[in-house]
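Visitor: I am new to this structure. Could you walk me through it and explain the terms you use?
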Protein chains: 2
Amino acid sequence: MDMKDITFNQAEQIELWAHEKANNDLCVSFRIKETLFSASSAYQRVQIVDTAGYGKMLFNDGIAMLAERDEFIYHEMIAHVPLFIHPDPKNILVIGGGDGGTVREVLKHPSVTKCTLCEIDELVISACKKHIPQTAACLCHDDPRVDIQIKDAVEFIKKTGELYDVIIVDSSDPIGPAAPLFGAAFYADVYAHLTERGLVVAQAESPFIYQDEQKCLLEIIKKQCGRVCIYNFTTLTYPGGLWSFALSGKGDFVPGGVCDEKRLRTLEGELQYYTAQMHTAAFSLPVFQQKNLAGLIDPCPVE
Amino acid sequence: MDMKDITFNQAEQIELWAHEKANNDLCVSFRIKETLFSASSAYQRVQIVDTAGYGKMLFNDGIAMLAERDEFIYHEMIAHVPLFIHPDPKNILVIGGGDGGTVREVLKHPSVTKCTLCEIDELVISACKKHIPQTAACLCHDDPRVDIQIKDAVEFIKKTGELYDVIIVDSSDPIGPAAPLFGAAFYADVYAHLTERGLVVAQAESPFIYQDEQKCLLEIIKKQCGRVCIYNFTTLTYPGGLWSFALSGKGDFVPGGVCDEKRLRTLEGELQYYTAQMHTAAFSLPVFQQKNLAGLIDPCPVE
């Protein structure tokens with residue numbers, strides 16, 4: 001027998017997969033083409049990979065932050081819902097969100113005169129600037145409205161002399177560097193730095209996989225801000241699909257269905273997910289979520 | 001050195017995971033406690049596993065069909081949207097859906113006098129009856145309204161002498177035994193067997209991961225039935241989260257926001273996802289899906 005008679009089971013190359021464990025029982029995996037960036041800051045491990053199906057993805061401490069292919073959903077829904085509820089949003093503060101996606105959406109509103117990004121970890125910003133311009137290009141250009149502050153938001157919000165029309169808490173999960181952003185003291189300071197009709201919106205976890213974490217955050221916001229609403233969207237890369245944002249603020253804002261159609265028309269060609277209908281629809285909650293949050297959230301008035 | 005001085009890296013037991021590859025690039029994995037059932041029929045491999053996080057799950061040919069923990073979302077949305085749009089649904093046909101979840105929801109409507117289940121694969125029914133009573137118990141009990149037909153639906157719908165108020169195509173994907181259920185000839189026969197104001201609803205894949213498949217199915221339904229609408233829901237176990245149902249029918253049905261509140265109140269304690277608001281909200285489509293399906297789907301009239 002010759003060597004040439006022996007057939008090896010040859011693959012062209014090994015398959016590389018990024019596995020994101022949502023918990024001990026569920027894992028979402030993305031096939032990756034290559035690792036573009038991997039380094040540690042004082043706060044976390046920052047990794048950017050190029051995936052076969054979802055474009056470039058950012059992982060902080062192994063948790064998926066964004067994928068190029070579907071990041072528009074998260075970023076449009078965290079930014080445009082409060083910015084279209086507010087009658088005239090001018091001064092905006094984005095906390096976290098070093099990838100730039102939320103700032104990019106905020107800057108689409110012509111009324112905005114200043115958008116401050118307060119990110120604790122410069123490494124996230126620099127890595128995204130280099131590898132994910134789709135979200136981070138807005139942090140590179142010389143838009144005079146953008147003000148980048150590399151600071152701990154808990155300290156920043158205490159000391160800032162400014163008031164904000166919308167504060168967007170675009171944070172990762174309540175572990176690691178973002179943990180204090182899920183605290184009562186932080187939301188007391190946030191509320192104190194809102195303008196008269198100011199709004200605050202925050203990443204509020206999964207109503208299904210992280211029910212307890214969601215409830216806990218809403219309790220904190222309600223206690224510090226007096227009231228809280230919640231709205232949902234579907235993420236295609238986070239585990240479990242259904243995801244939420246918490247919304248609160250000063251004044252008599254109406255959570256659902258108050259998108260300013262005239263202002264929306266000026267943005268229409270630039271949006272891939274958000275519509276006036278999707279805005280209203282997002283405040284419709286499934287029965288199980290309503291039950292879990294009963295007495296805690298303001299009911300959405302739209303029938 | 002004694003053997004007792006050597007420390008082995010001991011785990012209590014091996015971890016078992018069920019990996020479901022949505023395509024070559026995305027995989028969702030569930031940690032399993034044990035395999036409860038695994039056998040092949042003439043049509044497919046049927047497997048039921050008990051998972052750590054999602055209860056019992058049914059896989060046909062390796063594709064997740066349902067998980068106990070979130071199946072209520074799929075089954076409530078496929079059944080109650082058409083049954084609440086129809087003014088008086090009496091005679092219902094469920095095609096596929098051998099797990100029983102859709103039949104269970106249909107039977108909650110007091111107006112229903114008959115619910116026929118046409119499932120090609122008896123193995124799915126018998127396996128679910130034994131291992132997933134949460135969905136299949138309704139197929140065991142002696143509800144005189146339930147009529148189980150173990151038949152190829154393509155043949156059944158051709159030959160049936162009955163007309164149906166609602167036909168629910170609760171099928172798996174367009175590969176394997178369900179492939180003919182995505183065909184033009186099938187939908188011509190379905191349409192011919194609807195009552196005057198009859199409706200047909202069909203599992204319509206993911207608007208994101210399976211855009212082309214969704215568009216193709218909608219084109220077939222529109223051609224055979226004259227018009228087609230689409231509505232979305234979030235599945236927590238299917239890959240990619242966002243999922244759709246196609247809806248068509250005879251008569252001048254209005255897709256969104258026409259839930260009969262009085263009838264709904266009689267079911268309220270039995271529902272975990274569906275509300276009148278969720279019904280309307282489901283017809284709100286993100287921009288990218290509207291663009292992909294422009295000219296094909298009836299726009300939802302609700303603003």
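Guide: Here we look at one residue of a predicted model and then at the contact between two chains.

Visitor: What makes Asp121(B) a residue without a salt bridge?
Guide: A salt bridge needs a side-chain nitrogen of Lys or Arg within 4 Å of a carboxyl oxygen of Asp or Glu. For Asp121(B), which is buried, the nearest side chain of opposite charge is Arg45(B), 11 Å away, so the pair does not qualify.

Visitor: Where does Asp121(B) sit, and which side chains join it in polar contacts?
Guide: Asp121(B) lies in the loop between β7 (114-119) and α3 (122-131) of chain B. Its side chain has a polar contact of 2.7 Å with that of Ser41(B) and another of 3.0 Å with that of Gln44(B).

Visitor: Why are those called polar contacts?
Guide: The cut-off for the N or O atoms is 3.5 Å. Both 2.7 Å for Ser41(B) and 3.0 Å for Gln44(B) fall within that limit, so the name fits.

Visitor: How do you know that Arg31(B) forms a salt bridge with Asp25(A)?
Guide: The closest N and O atoms of Arg31(B) and Asp25(A) are 2.9 Å apart. The limit is 4 Å, so this pair counts as a salt bridge. Between chain B and chain A the count is three salt bridges.

Visitor: Which element gives the most to the side of chain B that touches chain A?
Guide: That is β2(B), with six residues. By class, this side of chain B has 24 nonpolar, twelve polar and nine charged residues.

How values were computed: Residues numbered from 1 in each chain as written. Chains lettered and ligands numbered in written order. Predicted model: local features only at pLDDT ≥ 70, side-chain atom pairs only at ≥ 80, totals over all residues. Heavy atoms only, no water. Helix = DSSP H or I, 4+ residues; strand = E, 2+ residues; numbered from the N terminus. Buried < 20%, exposed > 50% of the residue type's maximum accessible area, 1.4 Å probe, protein only. Lys, Arg positive; Asp, Glu negative; His and termini not counted. Polar contact = N/O pair within 3.5 Å; in protein donor to acceptor, adjacent residues only side chain to side chain. Nonpolar A, V, L, I, M, F, W, Y, C, P; charged D, E, K, R; others polar.
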